[in-house]
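Here are my notes for the bench, set out as numbered points. Please read them with the structure open beside you.

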Amino acid sequence: MSNTDPAPPEVTCAAVPFAGVLHPREVPLGGPRAIRVRRTLPQRERSLIGAWCFADHYGPHDVRGGAGMDVPPHPHTGLQTVSWLFRGEVEHRDSGGVHALVRPGELNLMTAGAGICHSEVSTSATSVLHGVQLWVALPDEARDTARGFEHFVPVPRAVGDATLRVFIGELEGLRSPVDTFTPLLGAQVDLDPGAEVTLEVDSAFEHGVLLDQGDVVVNGTALEVADLAFQAAGAERLHLANRGGEPARLVLLGGPPFPEELVMWWNFVGRSHDDIATYREQWEDGDDRFGAVQGYRGGVSRLPAPPLPNVTLRPRPNPGV
């Protein structure tokens, strides 16, 4: 998914550890009839959870009137995109030659590496669109790696009062086979009404819990929809409770604190202002770094890059590292 902000802000993160809840801000995704998404990462208080550097939550959106997802070909560098749906269906095409569908409960992991472009369009069979889009920053030694794509369907497993779908990493003995360039955890957690569970987590990881639906308390703190609760590294357990009369659903993210400073602007992850300026110029010039998407049938052939701000982009410090 693209960051379609027409003027992506530079975010200077606080140089102190953060503990608490990140609240989302709404941004449009696409053109005049854009759907709205709730963005919880990055923020001034916290720009990373492990290598997770971007988190959008969207829906449920009724898209039968035609206002679905239609994101024209757009570029990425230095990251992996993680697509995870609860309802609906999205068609993915990329310049690595991949044509795939994103379906509920099925992971699509795209590696941008040195450069890729892709498009995302909700299908005509989709009446409701609901899910999350996540990005993972690649470490310096891997940020110029080759393009790639993996698909994985995790098997749901009951663990205590929770049902887990581990799509990246390992949790409670469940393991995903997909490849990442730093240790990571990504899982959907479902809780029945009144259910609670204490999960054994890797104490070397910091964790984030993103609420999709339900009346949920994380380690004693109540969340609103699209809030993201943060737990610093050092804890061995994570307590989740659904206090409501309806099922609850959460997305659990984790990873060891990311030790590198990043410059992240629009759809690019780099290490300096010059990196970003070069990527932008290459995208606008149609450079081979990004390739081309075949088969996209939208009204705009490619998404233009916003203008760079009139300041030097600075690396994001990672609090707590």
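1. Which residues does the UniProt annotation "domain: Pirin C-terminal" cover? According to that unreviewed entry, the annotation covers residues 188–286. The model discussed here is a predicted one, and over residues 188–286 its chain is 12% helix and 46% strand, with the end C-alpha atoms 38 Å apart.

2. Helix α1 comprises twelve residues, 273–284, and its length can be checked by simple arithmetic: at 1.5 Å a residue the helix should span 16 Å, and the computed separation of its end C-alpha atoms, 17 Å, agrees with this. After α1 comes G286, a residue whose phi is positive, near 70°.

3. Which residues of α1 are buried? They are D275, I276, Y279, R280, Q282 and W283. These residues lie on the same side of α1, because the arc they cover around the axis is only 165°. The general background is that an α-helix has 3.6 residues a turn, so residues three or four places apart point the same way. On the face of α1 turned away from that buried side, one finds the exposed residues D274 and E281.

4. What do the buried residues of α1 pack against? Their partners are the strands β5 (70–76), β10 (116–122), β25 (263–265) and β26 (268–270). One of these strands, β5, is also where H74 is placed, and H76 lies in β5 as well, which leads to the next point.

5. For "binding site", the UniProt record, again an unreviewed entry, lists H74, H76, H118 and E120. Although these positions are spread over 47 residues of sequence, they cluster in space, the largest C-alpha distance being 13.4 Å. From this set, E120 belongs to the lining of the second largest cavity. I would ask that the "binding site" label be quoted as coming from the UniProt entry, which is unreviewed.

6. Are H74 and H76 buried or exposed? H74 counts as buried because its relative accessibility is 0%, and H76, also at 0% relative accessibility, counts as buried too; the cut-off for buried is under 20%. As for polar contacts, the side chain of H74 reaches the backbone oxygen of P72 at 2.8 Å, while the side chain of H76 makes a polar contact with the side chain of H74 at 3.4 Å. H74 therefore appears in both contacts, once with P72 and once with H76.

Technical notes. Residues numbered from 1 in each chain as written. Predicted model: local features only at pLDDT ≥ 70, side-chain atom pairs only at ≥ 80, totals over all residues. Heavy atoms only, no water. Helix = DSSP H or I, 4+ residues; strand = E, 2+ residues; numbered from the N terminus. Expected span 1.5 Å × (residues − 1). Buried < 20%, exposed > 50% of the residue type's maximum accessible area, 1.4 Å probe, protein only. Arc of directions from axis to C-beta. Contact = heavy atoms within 4.5 Å. UniProt positions renumbered as here; feature names shortened; annotations may be inferred. 1 Å grid on protein atoms, 1.4 Å probe; cavity = no way out; pocket = protein on both sides within 12 Å on 5 of 7 lines; lining within 4 Å. Polar contact = N/O pair within 3.5 Å; in protein donor to acceptor, adjacent residues only side chain to side chain.
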